Amino acid sequence: MLTGFGGQLGREWVDHFTQTGLEFNAFGSADLDITDEKAVDKVIADIKPDVIINCAAYTKVDLAEDESERCAEVNTLAVGYLASSAAKHGAKFVHYSTDYVFSGVIEDRITFPKGYPPNHGGNPQNVYGRTKWEGEEFIRNTCEDYLILRVSWLCGKHGNNFVKTMRRLASERPEINVVSDQFGSPSFTDQVVFNTIKLIDKQASGTFHIASDGLISWYDFAKEIIRLSDVNCKVNSISSNEFPQKATRPAYSKLDCSETEQLTGVKIENWKTALQRLIYKLV
Ligand SMILES: NC(=O)c1ccc[n+]([C@@H]2O[C@H](COP(=O)([O-])OP(=O)(O)OC[C@H]3O[C@@H](n4cnc5c(N)ncnc54)[C@H](OP(=O)(O)O)[C@@H]3O)[C@@H](O)[C@H]2O)c1
């Protein structure tokens with residue numbers, strides 16, 4: 001059972017199910033509002049899924065600062081409904097979370113050079129991150145068989161993301177400004193689906209990270225996107241102060257994926273390789 005099938009990760013899952021012929025039931029927000037507790041439980045009781053994959057989320061990070069109640073309904077309360085119903089009906093619950101659950105201070109680049117480990121405590125700095133952390137806590141307190149999979153800087157061929165935005169801006173403007181003082185590593189939706197399947201196959205349960213190998217700034221990322229896209233556009237480095245946003249963003253939010261790598265036995269892919277594949281798909 002898949003929720004949030006209309007989003008960028010949800011659509012990647014639909015592609016995977018369609019290509020592999022795996023039996024699945026997918027729900028968009030119009031078919032199943034996950035904030036409707038009774039509807040959620042009824043669907044799960046009817047379908048009796050082996051696995052529930054939740055790709056539904058409130059993801060408008062800046063708007064969340066003004067819509068904190070709605071954000072919490074979707075990212076915390078509704079996640080609790082899904083988790084409780086999954087536990088009641090014996091389904092494994094697979095849920096996606098974010099690097100924004102961590103404090104993201106730049107000093108942590110020294111403390112955690114490989115990235116934040118999955119068991120590091122949450123200390124979110126914005127509403128979206130706080131609601132996602134509280135959603136995670138619901139799952140850890142409710143389910144025995146679950147996967148909380150944190151991803152960062154998510155991008156793929158579907159929906160809106162940084163890669164597509166940079167390509168569009170580069171085709172419209174002679175130069176673009178991109179922040180160079182926020183560091184992390186992108187998660188690509190095809191990598192996320194692949195690693196999720198590997199973790200399910202290994203019967204893993206707990207909190208894990210899925211992102212690509214390497215540590216870059218948004219500026220580094222933009223430069224490589226433009227280079228691979230073969231467009232003539234200059235990328236200028238700016239600081240976060242020069243690009244004010246409503247929600248505070250982490251300065252450092254790399255996710256340590258070693259536990260995922262050890263468990264799946266598959267080396268985490270470098271961001272440049274994964275980006276090259278995505279650009280090829282977008283052409
Ligand atoms: N995007 C990122 O950069 C990023 C980074 C880190 C982590 N993540 C996490 O990764 C996961 C997937 O993100 P994404 O980028 O694929 O998100 P997305 O493209 O914004 O998709 C989210 C989906 O959730 C659906 N949804 C929202 N409220 C719902 C509700 N009440 N009931 C049912 N469905 C609802 C939306 O449907 P409608 O559009 O119809 O409302 C949308 O299809 C999320 O858990 C997100 O928090 C994302």
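1. In this predicted model, a polar backbone atom of Tyr96 lies 3.2 Å from an oxygen atom of the ligand. The backbone is also involved at Ala57, where an N or O atom of the main chain is 3.2 Å from an oxygen atom of the ligand. At Tyr128, by contrast, the contact is made through the side chain, a polar atom of which lies 2.6 Å from an oxygen atom of the ligand. Taken on its own, the ligand has 910 Å² of accessible area, and the protein covers 76% of this.

2. The surroundings of the ligand comprise 22 residues, of which Ser29, Asp33, Thr59, Tyr128 and Lys132 come nearest; Tyr128 is thus listed here as well as among the polar contacts described above. Sorted by class, this shell holds 11 nonpolar residues, eight polar ones and three charged ones.

3. As for where the shell comes from, at least two residues each are supplied by helix 1 (8–20), helix 3 (68–88), strand 4 (92–98) and helix 5 (127–142). Strand 4 provides the largest share, which amounts to three residues.

4. A separate point concerns the second largest pocket, whose volume is about 430 Å³ and whose lining consists of 18 residues, with Met1, Phe17, Leu22, Glu23 and Val51 lying nearest its centre. Two or more lining residues come from each of helix 1, strand 3 (51–54) and helix 7 (189–201). Helix 1 therefore deserves a remark of its own, because it gives at least two residues to the shell around the ligand and two or more to the lining of this pocket. The lining is made up of 12 nonpolar, two polar and four charged residues.5. Arg249 sits in the loop between strand 10 (234–238) and helix 9 (258–264). Its side chain makes a polar contact with the side chain of Asp62 at 2.9 Å, and the Arg249 side chain also reaches the backbone oxygen of Ala247, at 3.0 Å.

6. On the chain as a whole, 10 helices and 10 strands are assigned. The radius of gyration is 18 Å, close to the 19 Å that the globule rule gives for 283 residues, so the chain is as compact as a globular protein of that length. Along its principal axes, the C-alpha trace spans about 55 × 40 × 35 Å.

Note on methods. Residues are numbered from 1 along each chain as its sequence is written. This is a predicted model: local features need pLDDT of at least 70, side-chain atom pairs count only at pLDDT 80 or more; totals for chains, interfaces and linings use all residues. Side-chain values use heavy atoms; hydrogens and water are left out. A residue is near a molecule or strand if one of its heavy atoms lies within 4 Å of it. A polar contact is a pair of N or O atoms within 3.5 Å; within protein, one must be able to donate a hydrogen and the other to accept it, and residues adjacent in sequence count only if both atoms are side-chain atoms. Accessible areas come from the Shrake-Rupley method with a 1.4 Å probe; for residues, only the protein chains shown count as cover. Helices (H or I, at least four residues) and strands (E, at least two) are DSSP runs, numbered from the N terminus. Ala, Val, Leu, Ile, Met, Phe, Trp, Tyr, Cys and Pro count as nonpolar, Asp, Glu, Lys and Arg as charged, and the others, Gly among them, as polar. On a 1 Å grid over the protein atoms alone, a cavity is a set of points where a 1.4 Å probe fits but cannot get out, and a pocket is an open set with protein on both sides within 12 Å along at least five of seven lines; lining residues have an atom within 4 Å of a point. Grid points are joined across faces, edges and corners, and a volume is the space filled by probe spheres set on the points. The radius of gyration is taken over C-alpha atoms; the globule rule is 2.2 Å times the number of residues to the power 0.38.
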